[in-house]
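Visitor: Please walk me through this model. I would like the reason behind each label you use.

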Amino acid sequence: LFISKMDLPDKSREALMAMQELVEDTHVNDDIMKYTVELICATRRHPSISQGASPRATLAVIALSKAVARLRGRNYVLPDDVRSVFLRAIPHRLRLSDEAVLQKQTEEDILENILSAVKSPAVI
């Protein structure tokens, strides 16, 4: 079900727009941004993936991470926020290699492997 801002009553529309602004204003430091880019790039280098996530996937992971951070009561993104959305936002964006399919590998297993291989930034 998709509801546009125009379908909402004025107060609800204002609340939604305020929430969107709050999420947009959530801070993502350079280390978190680099970490996210590295995760996405790793999907394009992984031998079990024939088509990895696109650069737009980076934007989606960052936007979702910001929303998760706000839901968790913070105005900044942590590596845990990125990891939690990466596993949910990326699987449908991948095409596994024929060999991976024959070996019955799943997107989720491969993404878990990528998460364990890419070094997470230190939280300060």
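Guide: Start with Phe86 in this predicted model. Leaving aside neighbours within four places in sequence, Phe86 is in contact with Leu39, Ile40, Thr43, Pro91, Leu111, Ile114 and Leu115.

Visitor: What makes these residues contacts of Phe86?

Guide: Contact means heavy atoms within 4.5 Å. Phe86 meets that cut-off with each of the seven residues named, Leu39 and Leu115 among them.

Visitor: Which residues have the most contacts inside the largest nonpolar core?

Guide: They are Leu39, Ile40, Val61, Val82, Phe86, Ile90 and Ile114. The core has 27 residues. H2, H3, H4 and H6 each give two or more residues to this core.

Visitor: What makes it a nonpolar core?

Guide: Its members must be buried residues of the nonpolar kinds, joined through side-chain atoms within 4.5 Å. Phe86 is one of the members, and Phe86 is also among the buried residues of H4.

Visitor: Which residues of H4 are buried?

Guide: Pro79, Asp81, Val82, Ser84, Val85, Phe86 and Ala89 are. They pack against helix H2 (30-45), H3 and H6.

Visitor: Why is Asp81 called buried?

Guide: Buried means under 20% relative accessible area. Asp81 is at 0%, so Asp81 counts as buried.

Visitor: Which salt bridges does Asp81 make?

Guide: One is with Arg72, at 2.7 Å from N to O. Another is with Arg74, at 2.8 Å from N to O.

Visitor: Why are these called salt bridges?

Guide: The cut-off is 4 Å between a side-chain nitrogen of Lys or Arg and a carboxyl oxygen of Asp or Glu. Arg72 to Asp81 is 2.7 Å, so the pair qualifies. Arg74 to Asp81 is 2.8 Å, so that pair qualifies too.

Visitor: Are the two arginines buried or partly exposed?

Guide: Arg72 has a relative accessible area of 45%, so Arg72 is partly exposed. Arg74 is at 13%, which is under the 20% limit, so Arg74 counts as buried.

Visitor: How many salt bridges does a search of the whole structure find?

Guide: It finds 4. One of them joins Arg83 and Asp80, with the closest N and O atoms 2.2 Å apart.

Visitor: How do you know that Arg83 and Asp80 are about one helical turn apart?

Guide: Both lie in helix H4 (residues 79-89). They are 3 residues apart there, so about one helical turn separates them. Arg83 is at 24% relative accessibility and counts as partly exposed. Asp80, at 45%, is partly exposed as well. Elsewhere, salt bridges that share partners join Arg72, Arg74 and Asp81 into one network.

Visitor: Why is H1 called roughly perpendicular to H3?

Guide: Helix H1 (residues 10-24) and helix H3 (residues 55-71) pack at an angle of about 105°. Angles from 65 to 115 degrees count as roughly perpendicular, so H1 earns that label relative to H3. The axes are 8 Å apart.

Visitor: Which residues meet there, and what kinds are they?

Guide: Leu22, Val23 and Glu24 in H1 meet Ala63, Lys66, Ala67 and Arg70 in H3. The residues of this contact divide into 4 nonpolar, no polar and 3 charged.

Visitor: What makes Lys104 worth a look in the loop between helix H5 (98-102) and H6?

Guide: Phi of Lys104 is near 60°, a positive value in a residue other than glycine. Exposed means over 50% relative accessible area. Lys104 is at 71%, so Lys104 counts as exposed.

Visitor: Why does Pro121 count as buried?

Guide: Pro121 is at 16% relative accessibility, under the 20% limit, so Pro121 is buried. Pro121 sits in the segment after helix H6 (107-117). Not counting residues up to four places away in sequence, Pro121 touches Asp31, Ile32, Tyr35 and Pro79. Pro121 and Asn29 are 92 residues apart in sequence and 10 Å apart in space, C-alpha to C-alpha.

Visitor: How many helices and strands does the chain have?

Guide: There are 6 helices and 2 strands. From the N terminus on, the order is α-α-β-α-α-β-α-α. Of the 124 residues, 37% count as buried.

Technical notes: Residues are numbered from 1 along each chain as its sequence is written. This is a predicted model: local features need pLDDT of at least 70, side-chain atom pairs count only at pLDDT 80 or more; totals for chains, interfaces and linings use all residues. Side-chain values use heavy atoms; hydrogens and water are left out. Buried means under 20% relative accessible area, exposed over 50%, partly exposed in between (1.4 Å probe, protein chains only). Helices (H or I, at least four residues) and strands (E, at least two) are DSSP runs, numbered from the N terminus. Axes are lines fitted to C-alpha atoms, for helices over the stretch in contact, and angles run from 0 to 180 degrees between N-to-C directions. Angles under 35 degrees count as roughly parallel, over 145 as roughly antiparallel, 65 to 115 as roughly perpendicular and the rest as oblique. Ala, Val, Leu, Ile, Met, Phe, Trp, Tyr, Cys and Pro count as nonpolar, Asp, Glu, Lys and Arg as charged, and the others, Gly among them, as polar.
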